[in-house]
Structure formats: structure tokens, C-alpha cells
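This report describes a molecular structure in terms of its pocket, its nonpolar cores and an annotated domain. Please examine the sequence and the structure before reading on.

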Amino acid sequence: MTARATEPTKKKKWAPWSDPEAEPFIRLVDVSKRFGDFLAVDNISLDIYRSEFFALLGPSGCGKTTLLRMLAGFEKPTSGRIEIDGVDMADVPPYERPVNMMFQSYALFPHMTVEQNIAFGLRQDRVPRDEIARRVREMLDLVQLGPLAKRKPHQLSGGQRQRVALARSLVKRPKMLLLDEPLGALDKKLREKTQFELVNIQEETGITFVIVTHDQEEAMTVSCRIAVMNQGRVVQAATPTEVYEFPNSRYVAEFIGDVNIFEGRVTESGADHAVIGAPEADCRFRIDHGISANVEATVWLALRPEKMVIGKTPPEDPTVNCISGVVWDIGYLGNLSIFHVRLDSGKTVTSIRTNRSRETELDITWEDRVYLTWAPGAVAVLMT
Amino acid sequence: MFNRLTPFNVTALAFGYAFLYLPIVILVIFSFNESRLVTVWAGFSTKWYVSLFDNTKIMDGAWTTLRIAFISSTLALVFGTLAGLALARFTQFRGRTLFSGMVAAPLVMPEVITGLSMLLLFVALDWTRGIGTITIAHTTFAMAYVAVVVQSRLVTFDRSIEEAALDLGATPAKTFFVITLPIIAPALVAGWLLSFTLSLDDLVIASFTSGPGATTLPMEIYSMVRLGVTPEINAVSTILVGIVTVGVLIASVLQKRAALQRIADERLAQASE
């Protein structure tokens with residue numbers, strides 16, 4: 001694995017999605033897809049920008065693969081419009097689209113060698129023979145498969161097949177590369193390594209990548225923006241940090257990472273602060289920013305486990321957000337410890353602590369009374 | 001209980017094999033008999049093989065059979081593949097159940113009925129019966145076998161391989177010929193061989209649909225047997241048994257080698273990890 005390129009230009013914030021002037025590269029307008037009675041994709045509108053690494057994330061059956069297949073041209077939208085680089089794709093068959101796809105099963109041609117697999121796309125375009133040879137060589141170098149060029153797919157390991165599939169889909173220099181669960185068949189270590197390789201290749205080639213995955217860590221690692229999908233709809237499309245720290249709904253908060261959610265009722269709502277009572281937590285949540293809900297409204301409070309500080313003594317300042325309970329369960333992961341704390345209301349919350357010092361025994365143990373505190377900005381207030 | 005060679009096992013094995021192969025062994029032995037009488041041994045001789053090659057009736061029959069088998073199995077391969085493709089790929093069209101039932105029907109239809117119905121058709125059409133009509137009849141029932149073989153291969157075919165070809169710029173027609181056909185080639189070969197064997201072996205349908213001047217080898221043998229079994233027939237049969245044995249031996253050697261190759265490939269894949 002090579003280190004991620006960090007030239008000064010890359011450090012500049014690149015966010016065309018927040019620039020109203022920017023021209024989207026791929027445009028989905030009110031796209032729906034119906035299979036019989038089943039609405040697989042429900043009226044999705046999305047803009048994807050040039051050179052973006054975009055992830056479609058959701059549970060199985062949420063319509064993410066159908067959306068990807070519509071971009072590739074294998075499915076026709078029931079209604080709506082798909083534009084790639086300003087061209088309406090409605091009547092363009094898959095073999096004429098400037099788009100290539102990497103399949104979940106890799107779909108390598110079993111009767112061809114690695115070299116022939118990669119050359120296949122170029123041969124269809126009648127690229128001159130010596131140019132094919134050169135570009136195939138380039139691709140083999142990019143994915144580090146040079147010595148295996150003459151092997152057939154069944155003579156390769158899973159990781160090598162995955163790289164052949166990637167090389168084959170990149171060799172035509174498509175305007176957009178679609179990746180359907182590209183790392184699903186690899187084991188955990190190899191998957192993590194390959195995620196970074198994918199990012200490097202994407203940055204080197206500058207091709208727009210759209211990846212479908214159900215693995216939220218994978219989506220967060222590789223992509224510029226994530227569209228979290230549920231039941232054929234995009235619930236939130238934003239950067240990994242926004243999706244994690246500022247989810248727009250309970251669905252997103254719960255889908256991405258672990259979270260503790262409390263139902264609350266707004267008791268105070270000002271321009272720069274709010275107070276929300278949560279009976280389950282037996283606590284009044286103090287928020288240091290204004291919220292869009294009025295007094296008496298019901299809201300949900302999402303608190304990430306790592307945002308809470310766990311301690312055995314109550315905070316001295318009574319205005320600090322704090323809940324208290326009894327340690328019910330401890331999970332020791334080496335780098336982290338996970339505490340399941342049962343509150344007096346009977347609700348269990350999860351708290352994570354980084355193990356900063358080396359100890360043979362944790363200072364907090366089962367059935368200890370503990371106090372969980374957090375900063376006023378740590379909670380996400382959700383309306384739905 | 002049956003893991004060891006007990007006297008009971010050995011006896012069962014001996015009886016089983018004797019039951020299967022004794023008739024064939026006797027046939028082979030008597031094909032080398034000096035005597036004209038089939039059941040009386042009078043010394044070793046290969047004269048019946050020599051006279052066999054002088055017997056124009058048998059040689060003509062063999063040649064006719066081979067031609068019919070070759071043409072009908074090739075036609076059956078084309079039509080059967082198309083039918084199998086339709087059955088495997090178009091899972092929803094009006095009358096699919098009827099179509100799939102009708103494709104499979106010749107597999108279970110008594111040969112006499114197939115033969116008779118073919119005869120009636122050719123009579124009604126007023127076609128001259130001969131090699132052509134036998135070929136058509138054989139194509140008809142052999143394509144059902146090909147369709148079933150091809151369909152079952154295509155059901156397990158990973159369609160994303162074809163989609164990958166489309167995605168890389170190959171038209172649907174090109175994808176079919178460059179990707180799909182080479183991958184399902186083993187099933188096509190199996191289907192062709194099956195059709196070829198069925199056609200070689202067929203007596204009933206050929207008898208119904210043949211005309212003057214078109215006599216296949218099985219028909220020839222059958223008519224000769226009615227006049228009494230001659231050592232020549234034993235000789236012909238021995239040659240057929242020989243061909244089949246060689247074929248089976250080659251197939252199993254190839255299979256064994258393919259299996260060894262696969263194991264070697266898997267080792268290679270693991271070693272290069």
C-alpha cells in the first residue's frame with residue numbers, strides 16, 4: 001500500500017456539491033424503478049460531480065444496486081431522467097455508455113487470460129494493437145499483476161481476481177466507474193488494504209467512482225460523499241463526517257455507527273441554546289445552539305458512545321449534561337472498552353472509552369455506579 | 001459393514017459384472033470363431049472381419065448411419081441450443097409452460113409413437129422418404145435432449161459475465177458468440193455427442209421414416225438377425241463395442257487430467273497469494 005498522495009493542492013477543501021455554480025457530472029432527476037408491484041427506486045434525484053468518489057449505502061433491498069444498474073444501462077428507469085456529462089442516457093444501451101462497471105462477482109471471462117480479460121474492452125473499440133498492448137501493460141502495473149498476465153482467472157486468488165476486475169473496468173478510461181460491492185468477497189484485512197488502494201487509484205485516474213456497499217465503514221473510508229438509502233429513497237446525501245455527526249434522521253443515525261437515542265420534549269428553545277427534557281435519561285439535555293423545534297415539540301436526541309466521558313464521580317458543575325447508571329456489561333477490545341450502562345429508568349446506553357494507559361484491570365467494573373457526561377454540542381437533535 | 005472384501009461382497013460383485021458383461025464377452029469371443037455356427041467354437045479366425053468389409057450392405061448401412069447421425073446431431077445442436085436459451089433466459093412469456101413441456105415431451109414419448117407420427121406427417125406432405133426424412137426425424141427428438149442439457153447449463157451461468165461484456169462495449173450478438181458460447185461449449189459438446197449416439201443407435205424411428213435405398217446400420221443388423229445370427233454380426237457388434245470403449249476411456253482420461261489440473265491451479269492461486 002502506498003501512502004495517500006498529499007500534495008498541497010489536495011489539502012484545499014474540494015466540495016463542488018456545496019458550490020451552487022458547479023455543474024453536476026451525473027444527474028439523476030426524479031428517477032423511479034418499478035418491478036411489478038415492487039417500487040425498487042422511489043423518485044430519487046441526485047447530483048454527482050466530476051472526480052467524486054460517491055457511495056450508495058444501505059441495507060440489502062434498499063434499491064442501491066438497482067440504481068447502479070440503471071447508471072450502467074442494464075435497467076431502464078420506469079420514470080425520470082439520467083444524464084451523464086450532459087447527455088441523456090435514456091436510449092443509450094450499456095455497450096455504448098461511457099461507463100464501466102466492476103461486478104460483485106468480478107464476472108471475469110473464465111476462458112480468457114488476465115491479459116485478454118483486460119484487453120477485451122479495448123478490442124471492442126478497435127483500438128490499434130500496439131496501443132492495446134501498452135495500455136494493458138499500464139493497467140497490469142497499476143494493479144501489480146504483471147507477472148500473472150498469462151494466467152486464467154481460476155488460477156488466481158480472490159484478491160488477484162478483484163484487481164483484474166478493477167483493471168478491466170478502468171482500462172477504457174470511462175467517464176464513470178461503477179463498483180458493485182467490490183470488496184464483499186475479500187477477508188477483512190485485505191478489504192481494508194484494498195479500500196485505500198481504491199482511493200489511490202481513484203485519485204490517480206481522476207475518474208468519477210460510484211460505489212455500492214452495505215458496509216458503512218467501507219463507505220466512510222473511501223468516499224467523498226455518501227447517500228444513505230432506505231426503501232428506494234435517499235435519506236441523506238452528505239460527506240462522511242456530516243452523515244456521522246449531523247445525521248438528519250434517526251434512520252441515518254442508527255445506520256451509521258452506534259448511537260444512543262432518547263426521546264425528548266423541548267422545554268426551552270432560544271436562538272443560541274435549547275433545553276430538552278428526556279424522561280428516559282432522567283436528564284435535561286442542554287444544547288449550545290438553536291434548534292428548529294418549538295417548545296413542547298417531541299424530538300429525538302442522538303448521542304454517540306464515544307462522545308460521553310465515563311467516570312465514577314458526579315460532575316461538580318450541576319449544569320453539565322450528565323446521566324448516571326450501573327455498569328451492566330463491559331466489552332474489552334484492546335484499543336477500546338465498551339461499557340453498557342443501565343440507567344435508573346431501565347434503559348441501557350453504550351459508552352466507549354479509549355484505553356489510554358496500560359492496566360491489567362480496568363478501574364471501572366461491573367455494577368459500579370458511573371456518571372456519563374458530555375459537552376453541550378455533542379448531541380444531535382433529530383426531528384424524525 | 002460393506003467396507004471390507006467379504007466373501008459375500010466378492011460374490012455380489014462377480015454376479016453383478018457377469019450379469020452386465022457376460023453377453024458382451026460371449027459376443028466378442030464368437031466374433032473370432034472359425035465356424036459359421038454361432039454357438040460352436042471351431043478355432044480362432046478373423047475371417048468374419050474380412051468378410052464384413054466386403055459386405056457392401058453393412059458398409060453402406062454404416063456410412064448412411066454416420067451421415068445421418070452427423071447431420072441430425074449438428075442440426076439438433078443448433079435448434080436445441082436456441083430452445084434451451086429461450087427456456088433459460090426468457091422466464092416470463094406467454095405460453096412458456098406449454099413450450100417447456102412441449103420441448104421435453106419427445107424425451108418421454110414412446111419411440112413408436114414419435115416414429116409413427118413422423119411417418120404420417122411425411123406421407124401427408126407427400127415427401128419421398130429416405131435419408132432426408134430420417135435425418136429430420138432424428139433432429140426432432142435429439143434437439144429435445146440438447147435443449148435440456150443447454151438449459152441446465154445456462155441456469156447456473158453467471159449472467160454478470162455477459163453484462164460485463166456488454167458493459168465493455170460488445171454488442172449482444174457479439175457477446176453471445178465470444179463469451180456465452182465458449183463458456184457453455186462443454187455442454188454443447190455433450191449435447192452433440194448425446195444426439196450423435198442416439199441417432200447411431202436408433203432403430204424404431206429410422207424404420208418408420210426410412211424409404212427404399214436408405215437403410216441404417218441398426219436396421220441392417222436387425223434384418224440380418226431375422227435370418228439368423230451370423231458371425232459377421234458379432235464382428236460388427238465387436239467393432240461398435242470397441243469404439244464405445246475407446247471413447248469412454250478417452251473421456252475418463254481427459255476428466256482425470258482436468259481434475260488434476262484443477263488441483264494444480266488451486267495450489268498455484270494459493271501460492272501466489
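## The largest pocket

Which helices of chain B each supply at least two residues of the lining of the largest pocket? In this predicted model, they are H2 (47-54), H3 (56-89), H8 (172-201), H10 (217-226) and H11 (231-271) of chain B. The largest share, 9 residues, belongs to H11(B).

The space in this pocket amounts to about 1,100 Å³. It is lined by 29 residues, and those closest to its centre are Thr197(B), Leu200(B), Leu240(B), Ile243(B) and Val244(B). By character, the lining consists of 24 nonpolar residues, 4 polar residues and 1 charged residue.

## The nonpolar cores

In soluble globular proteins, nonpolar side chains tend to be buried together. The largest nonpolar core of this model contains 53 residues, of which Leu56(A), Leu67(A), Phe109(A), Leu178(A) and Val210(A) touch the most other members. Helix H2 (residues 64-72) of chain A provides the largest share of this core, 5 residues. Another core, of 45 residues, lies apart from it and includes Val127(A), Leu179(A), Leu186(A) and Tyr244(A).

What does Leu67(A) contact when its neighbours within four places in sequence are left aside? Its partners are Leu28(A), Val41(A), Ile44(A), Leu46(A), Leu56(A) and Met229(A).

## The annotated domain

An unreviewed UniProt entry carries the annotation "domain: ABC transporter" for residues 26-256 of chain A. Helix makes up 36% of this span and strand 26%. The C-alpha atoms at the two ends of the span are 25 Å apart.

Key: Residues are numbered from 1 along each chain as its sequence is written. Chains are lettered from A and ligands numbered from 1 in the order in which they are written. This is a predicted model: local features need pLDDT of at least 70, side-chain atom pairs count only at pLDDT 80 or more; totals for chains, interfaces and linings use all residues. Side-chain values use heavy atoms; hydrogens and water are left out. UniProt positions are given in the numbering used here, feature names are shortened, and annotations may be inferred rather than shown by experiment. Helices (H or I, at least four residues) and strands (E, at least two) are DSSP runs, numbered from the N terminus. On a 1 Å grid over the protein atoms alone, a cavity is a set of points where a 1.4 Å probe fits but cannot get out, and a pocket is an open set with protein on both sides within 12 Å along at least five of seven lines; lining residues have an atom within 4 Å of a point. Grid points are joined across faces, edges and corners, and a volume is the space filled by probe spheres set on the points. Ala, Val, Leu, Ile, Met, Phe, Trp, Tyr, Cys and Pro count as nonpolar, Asp, Glu, Lys and Arg as charged, and the others, Gly among them, as polar. A nonpolar core is a set of buried Ala, Val, Leu, Ile, Met, Phe, Trp, Tyr and Cys residues joined through side-chain atoms within 4.5 Å. Buried means under 20% relative accessible area, exposed over 50%, partly exposed in between (1.4 Å probe, protein chains only). Contact means heavy atoms within 4.5 Å.
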